Amino acid sequence: MRATQVIMHSMASPGTTPQDLIRYWSQPGTPLESHFIVGRDGRAWQLVDTGRSADANYRANRRPDGTGAISIETEDNIGSPDSLPWTSAQIDTLVRLALWAARVHGIPRRRCRTPSDPGQGYHTMFGAPSAWTPVSKTCPGTIRIRQFNQTVLPAIVAGSAGGGLSVADANSLERHLDVIQGKIERTFNQVNAKTGALENHIEKVEGKVEKTFNQLNAKTDAISAQLDDLAAQVAQLQADMNLVKAALGIP
């Protein structure tokens, strides 16, 4: 599939979490309905590569010309998206995903003008039934459609996500920082251990050097004493020779 559209949905499944839906869709023979799921905390899961079609958009899944829509499910958790709005974290992630799709796939940052027109939309934008859904529904829900028109789409058109980090980004960053801190602590402990071992090795080497130095000093002192003794003996022999010469009258 060549992605030309982004279509936003709601799960509309009471008590179902994104993880529950992922497990259901992961069963053999079950069609993968959407490319992404966005939880109420703003966390996003990707289930299908955006170069392949998913099964949530009816005729927009993949058209005869090879174009199709990236589908984004959003958690509502009570099965009533008509009355439960997207959280600020969900809105932030939806905008970020749409901007990502614009950068990676060149999908325009505008409302789709027709069911096949490149751009951004929600599931029932062209009615229900329509080219995007074969059944009657309100997906992503009355209140969420209002949020799409008033908040999500304007932010996509402006090319900017919400201010600061989303809850999901902050949680992810905190987890990464914990991992990095753990690695730093392990490295520090390893360095300390190696430093301690090196210090012990240096102490042993210093001890051996000092012992060798003392041994050399002792040997040097002994040799010096022997040389002094030899010098004294040579001097005594010289004196004895002088006495012998004197007795013999040898000049």
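Let's call a residue partly exposed when its relative accessible area falls between the buried limit of under 20% and the exposed limit of over 50%. Arg 43, at 34% relative accessibility, therefore counts as partly exposed. Keep in mind that this is a predicted model. Arg 43 has a salt-bridge partner in Asp 41, with the closest N and O atoms 3.5 Å apart. Asp 41 is partly exposed too, its relative accessible area being 26%.

That pair belongs to a wider set: searching the whole structure turns up five salt bridges. One of them sits in helix H1, which covers residues 18–25. There, Arg 23 and Asp 20 bring their side chains together at 2.5 Å, N to O. The two are three residues apart in the helix, so about one helical turn separates them. Arg 23 has a relative accessible area of 54%, which makes it exposed, whereas Asp 20, with 29%, is partly exposed.

Helix H2 (residues 88–105) has a pair of its own, with Arg 96 and Asp 92 four residues apart and again separated by about one helical turn. Their side chains meet in a salt bridge at 2.6 Å, N to O. Arg 96 is partly exposed at 30% relative accessibility. Asp 92 comes in at 7%, and because buried means under 20%, Asp 92 counts as buried. Further along the chain, Arg 110, Arg 113 and Asp 117 are tied together in a network of salt bridges.

Now for the strands. Strand E1 runs over residues 2–8, and six of its seven residues are buried, so the rest of the structure largely encloses it. E1 has a parallel partner in strand E4 (residues 67–74), and the pairing takes six bridges. Strand E5 (residues 119–122) also runs parallel to E1, joined to it by four bridges. Ile 7 is a handy residue to click on here: it stands opposite Ser 71 in E4, and its bridge partner in E5 is Gly 121. If you follow side chains along a strand, remember that in a regular strand they alternate between the two faces of the sheet.

Last stop, the pockets. The largest pocket has a volume of about 260 Å³. It is lined by 19 residues, and those closest to its centre are His 9, Ala 56, Glu 73, His 123 and Lys 137. Sorted by class, the lining of this pocket comes to 10 nonpolar, five polar and four charged residues.

Conventions:
Residues are numbered from 1 along each chain as its sequence is written. This is a predicted model: local features need pLDDT of at least 70, side-chain atom pairs count only at pLDDT 80 or more; totals for chains, interfaces and linings use all residues. Side-chain values use heavy atoms; hydrogens and water are left out. On a 1 Å grid over the protein atoms alone, a cavity is a set of points where a 1.4 Å probe fits but cannot get out, and a pocket is an open set with protein on both sides within 12 Å along at least five of seven lines; lining residues have an atom within 4 Å of a point. Grid points are joined across faces, edges and corners, and a volume is the space filled by probe spheres set on the points. Ala, Val, Leu, Ile, Met, Phe, Trp, Tyr, Cys and Pro count as nonpolar, Asp, Glu, Lys and Arg as charged, and the others, Gly among them, as polar. Buried means under 20% relative accessible area, exposed over 50%, partly exposed in between (1.4 Å probe, protein chains only). Two strands pair if DSSP finds at least two bridges between them. A salt bridge is a side-chain nitrogen of Lys or Arg within 4 Å of a carboxyl oxygen of Asp or Glu.
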